[in-house]
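Student: Please take a close look at a single part of this model, the surroundings of the ligand, and walk me through them in one connected account.

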Amino acid sequence: MSTTNDRIVVVGAGVSGLAIARELAPDHDVIVLDKGGIAADTSSRASGMISLSLEPFPDEWASFALSQFRDLDGQGIFSFTERETVRLVPAANADLYTDQAPGGGNFFTRSELEGRYPDSFSDLSAYGGGLVYDGTGSLDALDYAMTLKWAAERAGAEVFRDHEVTDLRVEDGTVTGVETEYGRIDADHVVYATGWKTRELLAEYVEIPVRPLRWNAVVIEPDEPLPTDCPMGSEPTLRVYWRPTDRGNVLVGGNEHLLSDPEGTPMGVEPSFRERVVEDVAPLLSGVASGEVRREDCCPTADCASPDGRPVIDTPEEGPDGLTVVTGLHGRGVMLSPVTGRAVRSLITGETPPFPLVQFRLDRFDDRSAEFDYRSHWGPGEDSSVP
Ligand SMILES: Cc1cc2nc3c(=O)[nH]c(=O)nc-3n(C[C@H](O)[C@H](O)[C@H](O)COP(=O)(O)OP(=O)(O)OC[C@H]3O[C@@H](n4cnc5c(N)ncnc54)[C@H](O)[C@@H]3O)c2cc1C
């Protein structure tokens, strides 16, 4: 357990590392090191969907994260926009649902959906209705990351870009610091929040079953801005989600799949995904079918998948004392980041967390190899292959 003013080195300045630094900086000596820029890797590419209440996770994670986003709203350059989320239900499945759907959503028929959001939808003829969830919203991932950095620095953390960590230093089974390209930094605790790289970076000390995961996103400017009450949403058959942006555009994301070689893969959005968005998704929303594609994104490297779709946030028993790992965020790293930050604080300080941590433990996996199949967000039967 840490004592006040212990030095903690956090490796990785994505949203996970920055959220951890913000939590620990008030009473520890925190140094964050990133080999590149701040949130310059996967984190800045995130679509900014905050929809934990739809996920099969403990309610306490969703409520804790939501309260943190609300508290941070208005600080730094961060704003959090709360919106309902609609999960569309194909006509063939509509009779599976009654008013109260599993997971807290409420089922609305197609005509009820059209009445609830009168100017948002264009052609819902293929759908029997949708599940409407609250407790969801969106943010700009880079603004969020920069605000976390600002908050961490205000609390005393030091954040360094262009500082590659080349090794973990361990003596007699206990972490003593890190080696960087500029020399050694001593530390009482080291946290690796290095995304999909974590597996190879820590291979000498602990085996972590994670694999690189790729997402695609396209931003379309509608011919008229979307109405302010336009909900966020998802379409499970097409495996896409959408959200309105602050500029009145719509961001459509999805088509996630495992990658075998992130650094050797061209990083443009896949043409088949762009076509699907333009032909099948855009007609669902008012004015979007006739809009213009304004931006396309996918990760410059990759996000990170775990076998069961939940992250690993742990101080693994088989690793050296003083080592904490955060990886396998599985496409939810931004929405989970407040939970990640507090979870790591609890692991390092011994404080009781306001939510369960057991689901994050590494020892839930007997098989630690990276030879697992992708566990899709979209339910059984939708698994993707490695391209
Ligand atoms: C297109 C797209 C859309 C997405 N949409 C959403 C969304 O709507 N909502 C959501 O919650 N999530 C979303 N995600 C997922 C989310 O972006 C990730 O889960 C999250 O960013 C992971 O953050 P991280 O800090 O753990 O990892 P990363 O952002 O990958 O950060 C890891 C950092 O570690 C650094 N690093 C690696 N090796 C070293 C080293 N040796 N020394 C020093 N530094 C090192 C890297 O440079 C990097 O900055 C999306 C992802 C993509 C790509």
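**The shell around the ligand**

Tutor: In this predicted model, a polar side-chain atom of Ser-16 lies 2.7 Å from an oxygen atom of the ligand. Two further polar approaches involve the backbone: a polar backbone atom of Met-49 is 2.8 Å from an oxygen atom of the ligand, and a backbone N or O atom of Val-334 lies 3.0 Å from a ligand oxygen atom. Of the 1,000 Å² that the ligand exposes when taken alone, the protein buries 98%.

Turning to the residues that make up these surroundings, there are 33 around the ligand, and those that come nearest are Ser-16, Asp-34, Ser-43, Met-49 and Met-335. By character, the shell divides into 14 nonpolar, 12 polar and seven charged residues. As for secondary structure, helix H1, spanning 15–24, and helix H7, spanning 333–349, each supply at least two residues of the shell, and H7 gives the largest share, three residues.

The domain assignment adds a wider frame to this picture. Domain 1 comprises 7–62, 141–210 and 305–364, while domain 2 comprises 83–136 and 212–303; because both domains give residues to the shell around the ligand, the ligand lies between them.

Note on methods:
Residues numbered from 1 in each chain as written. Predicted model: local features only at pLDDT ≥ 70, side-chain atom pairs only at ≥ 80, totals over all residues. Heavy atoms only, no water. Near = heavy atom within 4 Å. Polar contact = N/O pair within 3.5 Å; in protein donor to acceptor, adjacent residues only side chain to side chain. Areas by Shrake-Rupley, 256 points an atom, 1.4 Å probe, with all protein chains shown as cover. Helix = DSSP H or I, 4+ residues; strand = E, 2+ residues; numbered from the N terminus. Nonpolar A, V, L, I, M, F, W, Y, C, P; charged D, E, K, R; others polar. Domains from an automatic or database assignment.
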